[in-house]
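Hello,

Here is the structure I promised to pass on. Please load it first, then read my notes below.

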Amino acid sequence: MAIAFDAAIDVAGSSVSSVTSANMTVAGSDRCLVGSMVWVDTFASDYNWSAFRWGGSGGTSLTEFGTASFYSVWGMVTGRLIAPSASTTTLYGAITGTVTRLCIGAANYTGVDQTTPLGTAANASGQSNAPSVSVTLGTDE
């Protein structure tokens, strides 16, 4: 079965510590929801994510699989949820303080291996005019 991109959302809030998306519909078989939350502030590195959930503030938590930051200006977390409920609901994100800008987004993929949906994250940090990162792919990735 081929992996297929199903849906995407994004939402942003200003001077907030949490944000909730509009409704997103997740359907199909062998689902994997992948989302990111990004915050921007003068001292963004002073904050950490505290919740990232499918189904609103009381929903199912996404599992973190990557984080990044740039100087002290922005921070980011990426998470995934294997087999999210097939439903129409919201994505919720929160951090440990009020920031200038908080954004979340997600995409649902279908036809994904439910045991090992994602390979190893390839992370990089630093400053460069020609950024790069090496990625090792597994079978069918």
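**Thr78 and its surroundings**

Leaving aside residues up to four places away in sequence, Thr78 touches Val34, Gly35, Ser36, Thr63, Glu64, Phe65 and Gly66. Thr78 sits in strand β7. Its relative accessible area is 12%, under the 20% cut-off, so Thr78 is buried. There is a polar contact here as well: the side chain of Thr78 meets the side chain of Ser36 at 3.3 Å.

**Confidence**

Keep in mind that this is a predicted model. The average pLDDT of the chain is 83. A score of at least 70 is reached by 85% of the residues. Among the elements, strand β1 (residues 4-20) has the lowest mean pLDDT, at 76. The highest, 96, belongs to strand β5 (residues 60-61). Where pLDDT is low, the predicted coordinates should not be read in detail.

**Strand pairing around β3**

Which strands does β3 pair with? One is β7: the two are antiparallel, with nine bridges. Within that pairing, Val34 stands opposite Arg80 of β7. Another is strand β9 (residues 91-110), also antiparallel to β3 and joined to β3 by nine bridges. There, Ser36 faces Gly105 of β9. Ser36 is also the residue whose side chain makes the polar contact with Thr78.

**The nonpolar core**

The largest nonpolar core has 17 residues. Leu33, Met37, Trp39, Phe52, Trp54, Leu91 and Leu102 touch the most other members. At least two residues of this core come from each of β2, β3, β4 (49-54), β7 and β9. The top contributor is β9, with six residues.

**Thr60**

Thr60 lies in strand β5. With residues up to four places away in sequence left out, Thr60 touches Phe52, Arg53, Trp54 and Leu81. Phe52 and Trp54 are also among the core members named above. Leu81 is 21 residues from Thr60 along the chain, yet their C-alpha atoms are separated by 8.3 Å. Is Thr60 buried, exposed or in between? Its relative accessible area is 45%, so Thr60 counts as partly exposed.

**Two positive phi angles**

Most residues other than glycine have a negative phi. Two residues here are worth a look on that score. Asp30 has a positive phi of about 50° and is not a glycine. Asp30 is in the loop between β2 (24-26) and β3 (32-40). Its relative accessibility is 33%, so Asp30 counts as partly exposed. Ala83, again not a glycine, has a positive phi near 55°. Ala83 is in the loop between β7 (74-82) and β8 (87-89). Its relative accessible area is 40%, so Ala83 is partly exposed too.

**Cysteines**

How many disulfides does the structure hold? Zero. Two cysteines can be placed by accessibility. Cys32 has a relative accessibility of 2%, so Cys32 counts as buried. Cys103, at 26%, is partly exposed.

**Where to start**

If time is short, begin with Thr78 and its polar contact to Ser36. Then follow β3 to β7 and on to β9. The loops that hold Asp30 and Ala83 can come last.

Best wishes

How values were computed
Residues numbered from 1 in each chain as written. Predicted model: local features only at pLDDT ≥ 70, side-chain atom pairs only at ≥ 80, totals over all residues. Heavy atoms only, no water. Helix = DSSP H or I, 4+ residues; strand = E, 2+ residues; numbered from the N terminus. Buried < 20%, exposed > 50% of the residue type's maximum accessible area, 1.4 Å probe, protein only. pLDDT = per-residue confidence, 0-100. Disulfide = S-S within 2.5 Å. Pairing = 2+ DSSP bridges. Polar contact = N/O pair within 3.5 Å; in protein donor to acceptor, adjacent residues only side chain to side chain. Contact = heavy atoms within 4.5 Å. Core = buried A, V, L, I, M, F, W, Y, C linked by side-chain atoms within 4.5 Å.
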